[in-house]
Amino acid sequence: MQSSPSTPAPHAAAAAIAGARELPGGGCRHLGRPRRRVQETEYVGPGHQRRPVLDPQPAAQPGQVGFGYDFDSFARTDPHPFVEALVRSLGHSQAKLARTPGGDYAAEDAEFAADAAFLAEVVDEVIESRKAAGDTATDDLLGLMLNSPHPGSGEVLDEANIRNQVITFLIAGHETTSGTLSFALYHLLKNPAALHRAQAEVDALWGDTPDPEPSYEDVGRLRYVRQVLNETLRLWPTAPAFQRRALADTVLGGRHPMKAGEFVVVLTPMLHRDPVWGDNVEEFDPERFAPAAEAARSPHAYKPFGTGERACIGRQFALHEATMLLGMLIHRYRFIDHRGYELKVKETLTLKPDGFTMALAARTPEDRARSRSALRELVSLTGTDGSAGAADRPADGLPARVPAGTALTLLHGSNFGTCRAYAEQLGEHAADLGFDVRVAPLDEAVGALPTDTPVVIVAASYNGQPTDDARAFMSWLTDAAPDAAVGVRYAVLGVGDRNWAATYQRVPTLIDDTLAASGATRLLERAEADASGDLTGAVRHFATALRDTLLRRYGDPESTGAADAAATAPACGYDVVEVTGGPLDALAARHGTVAMTVVESADLVDVTHPLARPKRFLRVALPDGVTYRTGDHLTVLPANRPEAVERAAAVLGVDLDAVLNVRAHRPGRATLPLDRPIAVRELLARYVELGDAPTPAQVALLAEHNPCPPERISLEQLAADPEALAARQGGLLDLIEDHPALRGLLPWPVLLELLPPIRTRHYSISSSPAVSPGHADLMVSLLSAPDRSGRGTFRGTGSSYLYGLRPGDTLHARVQPCRDAFRLPGDGRTPVIMVGAGTGLAPFRGAIADRLHRLRDGAQLPPALCYFGCDHPDADYLHRAELEEAERAGAVSMRPAFSKAPEGDLRYVQHRIAAEAEEVWRLLEAGATVRVCGDGSRMAPGVREAFQRIRTKYEGGDAAAAEAWWQGLVAAGRYVEDVYASTPVTSAR
């Protein structure tokens, strides 16, 4: 295949652009001019806002660097006439693509011809001025084109050709570099962690000098800044498509036949969102372009400048220019999102953010010092006494660091980000020891487990199956040769929940056992972190063991006994932090949530009915750019109820109106994201969990601070007996309340170690984007029951928060994609059996709305049954009218079961499934897929048993055969659960 025809670039232009590195002095003749551009952003005229520097006057930098011509862009309050003509010409070219055949466009064409003539006139003047001066130097692009003869024929370019090359180059400078920089500034503005890392890099290079004199070599040292630009170009390639023409009849990719002469268009933004890029292709993550990640990825997955011989020849210059300028902007300024800009992409000949502006403020030496210290945003894996624990310091006699260049690979298998976050925490901690850390999904290690670096794997199971980012790895591993992992040294941390005993730790165990059987060497025994137990403690213990093992095997002996450099760093006289943004911005950024507005709320049940249990409908307006798919979740950042906050303050003996200034010694994901002083009331409401059960380490810490001997002995005995602690009813606050000598004696650093950071909660979205793309609906069941500790009523934190919201209220949330396996098949052929109870109906309501929408569009649909369990048809048949309308239209067959008003013996969904066994078996034989959502402790096991009994009824065999059959459905993705534990384990009030 070949590229579409275009005018070939003459040899001198090609040499000039592609070979900028060969210019005398490494191409540095004009490197001082980016510095001037940065300085000139200090003042852009009275009343003007500071803006992304290349947005208003895009041709300035290429004009100066390439041709020695100054458009005086930043000293003017209006664009240079050349720039205005250039922009109009680009708009004309774009508009021509949408012209109506036969229309009269003479006036537009005449204006374009005048602009083109003006552009040519200005460039001709530049060329004539250079020639008249007798300048024969070849140290810029114009000089090369004027004075570089062809190495074979000796001919030089004619002036018309040079003029066209100059204009082309200025257009490229306008459309590529300025757009890329604007997108890069936007993403840095919205991703503080990436910005801090970039600041640390430029500050390490240029120190506290606000106006450094950059050298060509500096560009090569700005590795992370270049990663920022590369990731920007992945998400928003300025050349969003390229095409190829078939030279002969062929089949593309083994699937798509093409005849000679036919064209195929490659949409670059979609190429850059291929699964090869990881588990979240929409996330801005410069680490995708870390050297190891790039080396492991096909070069054909990244084509921001086109491909082949006709790819942009100026990409080296563009990236050189953009890296230098972006680095200097990051070094000089703080970026301020003064308008709360939300990305809106404008498509002309290229892509760019529409209407993007930002404010700038000069950075100080103190600000740069903080950025350097925050390079790795280290995670605090602290001990229970509030000081650095065993996980933060090497054991006695071990080295303190590893030799420079020692690598460590951390691989994760994660759907909702928990294991990825733990892998990143361990990686940050290892980086503090001197390791060069790489964190990646397990799927990136298919057939390529490193043998030259230790490997740490953090993985979970989903109903016994691998997570979405570990499927390919597990498929490879289970079929690998007996010696496939020889030379690999590894450790495994498995994360799971014992409430799902049948599949608990299945995937981490399989990884560990199979790697060992394939010749790999364990660094330490597999660790299990149980979400129903002391999850944080288990991870901390694993981190301790891993740290000691790594230092013992890979540590630098000369560092034994060395002091931590951070601990001995000189202190400044003052530490000043300028507070910007809203009070919840840092908290929202930590969890990746954005502000959303509730536009509708209503009771889902008849509250006057004696059997009704509180359930509420919420409709949330999604911000611009936020989308979802049917079955996705809304991850919500909750707040504790005012009553729970009041009680916590009374138990702890703290003043709710007191104001605290909290600073983490080692900021990271395990610490509170506080960037300003905060009232105790707000801290307890928004930032910490108040209902968690105590761990043995927390009880030991309480004993240490209890001044009353009998109470201290009681706590010490409880801490030493995990079984007795687990059997004890109540949460951490209950335990403190039962030991009144602690009231008012726990200092805030200790309290913040005891009270974990607040967690997000996941709720299935119950709407369909086909029907309501701008809104997400939720079904919220208020978790309220007598507290097992005997202290009043237990109320769930997340459900209480959502239940109390009303139209106009704001919540912070994000859309969390559901597991791909849970989505219903969209092939139009596969029957569907949906099973849910209570608010477990939520994802199925959206799926039914999808089917109704497709039905009304004329689609033919396979059968769909929806088994739905509730208490009473008159009390809590959720969305009954809507679902019965869909049933009448043929979109679904509803099969309700009413536990308080049963039809005969059909009390629960599993009973009705069993009663309709013949129909269910017929659909299963036709290839039906089953989806189950809701209570995982009672409903889901009952439904599994019902399906297994149906199989036994029609196929025979014993219980083991039925279990094996069901496991086969699960393995094939035909039986998928999205269930949760319904029994409260904590005591939040």
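This passage describes the overall make-up of a predicted model, followed by one of its sheets, two helix pairs and three loop residues.

The protein has 989 residues, of which 51% count as buried, and its secondary structure comprises 34 helices and 31 strands. Among the contacts in the protein with a separation of 6 or more, 78% are made by residues that lie 24 or more positions apart.

Five of the strands were examined as a sheet. These 5 strands form an open sheet with parallel pairing, and their order across the sheet is E29-E28-E27-E30-E31. The edges are occupied by strand E29 (893-898) and strand E31 (975-980), each of which pairs on one side only. From one strand to the next, the twist averages 10°. Within the sheet, strand E27 (residues 832-837) pairs with strand E28 (residues 864-870) in the parallel sense, and this pairing extends over 6 bridges; in one of the bridges involving E28, Gly-836 has Phe-868 as its partner. Helix H33 (residues 939-955) lies across E27, strand E30 (929-935) and E31, and its direction makes an angle of about 150° with that of E30.

The packing of helices was considered next. Two packed helices are described by the angle between their axes and the distance between the axes. For H33 and helix H34 (residues 959-971), the angle is about 115° and the axes are 9 Å apart, which means that H33 is roughly perpendicular to H34. The crossing of these helices, H33 and H34, is right-handed. On the side of H33, the contact is made by Arg-944, Phe-947, Gln-948, Arg-951 and Thr-952, while H34 contributes Ala-961, Ala-962, Glu-963, Trp-965 and Trp-966. Sorted by class, the residues of the contact between H33 and H34 comprise 5 nonpolar, 2 polar and 3 charged.

A second helix pair is formed by helix H29 (residues 842-856) and helix H30 (residues 880-889), whose axes come within 10 Å of each other and cross at roughly 40°. The crossing of H29 and H30 is left-handed. Here Arg-845, Ile-848, Leu-852, Leu-855 and Arg-856 of H29 meet Glu-882, Leu-883, Glu-885, Ala-886 and Ala-889 of H30. The contact of H29 with H30 contains 6 nonpolar and 4 charged residues, and no polar ones.

Individual loop residues were also examined. His-879 is located in the loop between E28 and H30, and its phi is near 55°, a positive value in a residue other than glycine. The relative accessible area of His-879 is 15%, and the residue is therefore buried. Gln-505, in the loop between strand E14 (489-496) and helix H18 (506-517), likewise has a positive phi, of about 60°, although it is not a glycine. With a relative accessibility of 2%, Gln-505 also counts as buried.

Ala-470 occupies the loop between strand E13 (465-466) and helix H17 (471-478). Because its relative accessible area is 1%, Ala-470 is buried. When residues up to four places away in sequence are not counted, Ala-470 touches Gly-413, Leu-442 and Asp-443. The C-alpha atom of Ala-470 is separated by 8.6 Å from that of Glu-444, a residue 26 residues apart from Ala-470 along the chain.

Technical notes:
Residues are numbered from 1 along each chain as its sequence is written. This is a predicted model: local features need pLDDT of at least 70, side-chain atom pairs count only at pLDDT 80 or more; totals for chains, interfaces and linings use all residues. Side-chain values use heavy atoms; hydrogens and water are left out. Two strands pair if DSSP finds at least two bridges between them. Helices (H or I, at least four residues) and strands (E, at least two) are DSSP runs, numbered from the N terminus. Axes are lines fitted to C-alpha atoms, for helices over the stretch in contact, and angles run from 0 to 180 degrees between N-to-C directions. Contact means heavy atoms within 4.5 Å. Angles under 35 degrees count as roughly parallel, over 145 as roughly antiparallel, 65 to 115 as roughly perpendicular and the rest as oblique. A crossing is left-handed if the near helix is turned anticlockwise from the far one by less than a right angle, and right-handed if clockwise. Ala, Val, Leu, Ile, Met, Phe, Trp, Tyr, Cys and Pro count as nonpolar, Asp, Glu, Lys and Arg as charged, and the others, Gly among them, as polar. Buried means under 20% relative accessible area, exposed over 50%, partly exposed in between (1.4 Å probe, protein chains only).
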